[in-house]
Amino acid sequence: MASAKEIWAVGRRKNAIARVKLKEGSGKILVNDRDIKDYFHNSKSNLKEALTPLALLNVQDKFDLLFNVSGGGIIGQVGAIRHAIARVVCRYNPEFRSTVKKEGLLTRDPRMVERKKYGLHKARRGTQFSKR
């Protein structure tokens, strides 16, 4: 059954979008209806990076988090999840904001892939020059 306090937030990174619902609970984290350890099964560093805000505030076992993640690649999704956790925790308790902001976790990373230009192979890579 849903608890009385459910808070939603959105995190973004590159083309990835992570929507998160926070409930008070036992520390269960689901990403697209899968356990987060199964979702990031190849890399413990990605898992650690995604859960940085919870570790920073030492509230890993206090909340249940349900994520809906779409778009981008694995690294973009990790950044989007981290951004979403930071935002939802600050909405839950405004006292956490100064700690999370000091670490730079609330700032949305604006870097995007540069578009490909005509006449080039990639965004900046031109054709190979031949002297002869």
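Which side chains meet in a salt bridge at 3.0 Å, N to O? In this predicted model, the pair is Glu-114 and Arg-124, and the legends below begin with that contact.

**View 1. A salt bridge between Glu-114 and Arg-124.**
The side chains of Glu-114 and Arg-124 meet here, with a distance of 3.0 Å from N to O. The pair links distant parts of the chain, since both Glu-114 and Arg-124 lie in the segment after helix 5 and are 10 residues apart. Glu-114 is partly exposed, with a relative accessible area of 38%, whereas Arg-124 is exposed, with a value of 69%. As a general point, side chains of opposite charge can pair when their charged atoms come close.

**View 2. A network that joins Arg-13, Asp-109 and Arg-111.**
Salt bridges that share partners bring Arg-13, Asp-109 and Arg-111 into one network. Within this network, Asp-109 forms a salt bridge with Arg-111, and the closest N and O atoms of that pair are 2.8 Å apart. Arg-111 counts as exposed, because its relative accessible area is 55% and exposed means over 50%.

**View 3. A salt bridge between Glu-49 and Arg-82.**
A search of the whole structure finds 5 salt bridges, and one of them joins Glu-49 to Arg-82, whose closest N and O atoms are 2.5 Å apart. Glu-49 belongs to helix 2 (residues 44-50) and Arg-82 to helix 4, so the contact ties together parts that are 33 residues apart in sequence. Both residues are partly exposed, Glu-49 with a relative accessible area of 35% and Arg-82 with one of 25%.

**View 4. The open sheet of 5 strands.**
The strands stand in the order 1-2-5-3-4, and their pairing is mixed. Strand 1 and strand 4 (34-35) are at the edges, where each has a single partner strand, so one side of each is left without a neighbour in the sheet. Strand 2 pairs with strand 5 (residues 63-70) in the antiparallel sense over 8 bridges, and in this pairing Lys-23 has Asp-64 as its bridge partner in strand 5. Strand 3 (residues 29-31) and strand 4 also run antiparallel and are joined by 2 bridges, with Val-31 having Arg-34 as its bridge partner in strand 4.

**View 5. The hairpin of strand 1 and strand 2.**
Strand 1 (residues 6-13) pairs with strand 2 (residues 16-24) in the antiparallel sense, and 8 bridges are found over this pairing. Glu-6 has Lys-23 as its bridge partner in strand 2. There are 2 residues between the two strands of the hairpin, and Lys-14 in the turn has a positive phi of about 50 degrees. The C-alpha atom of Lys-14 is separated by 7.4 Å from that of Pro-110, although the two residues are 96 residues apart along the chain. Pro-110 lies in the segment after helix 5 (97-102) and counts as exposed, at 64% relative accessibility.

**View 6. A positive patch on the surface.**
Five arginines, namely Arg-12, Arg-19, Arg-87, Arg-91 and Arg-108, form this positive surface patch. One of them, Arg-91, lies in helix 4 (residues 74-92), and Arg-91 is exposed, with a relative accessible area of 54%.

Key:
Residues numbered from 1 in each chain as written. Predicted model: local features only at pLDDT ≥ 70, side-chain atom pairs only at ≥ 80, totals over all residues. Heavy atoms only, no water. Patch = residues over 30% accessible without salt bridge, like charges linked within 9 Å, V, L, I, M, F, W, Y side chains within 5 Å. Areas by Shrake-Rupley, 256 points an atom, 1.4 Å probe, with all protein chains shown as cover. Salt bridge = Lys/Arg side-chain N within 4 Å of Asp/Glu carboxyl O. Lys, Arg positive; Asp, Glu negative; His and termini not counted. Charge placed at Lys NZ, Arg CZ, Asp CG, Glu CD. Helix = DSSP H or I, 4+ residues; strand = E, 2+ residues; numbered from the N terminus. Buried < 20%, exposed > 50% of the residue type's maximum accessible area, 1.4 Å probe, protein only. Pairing = 2+ DSSP bridges.
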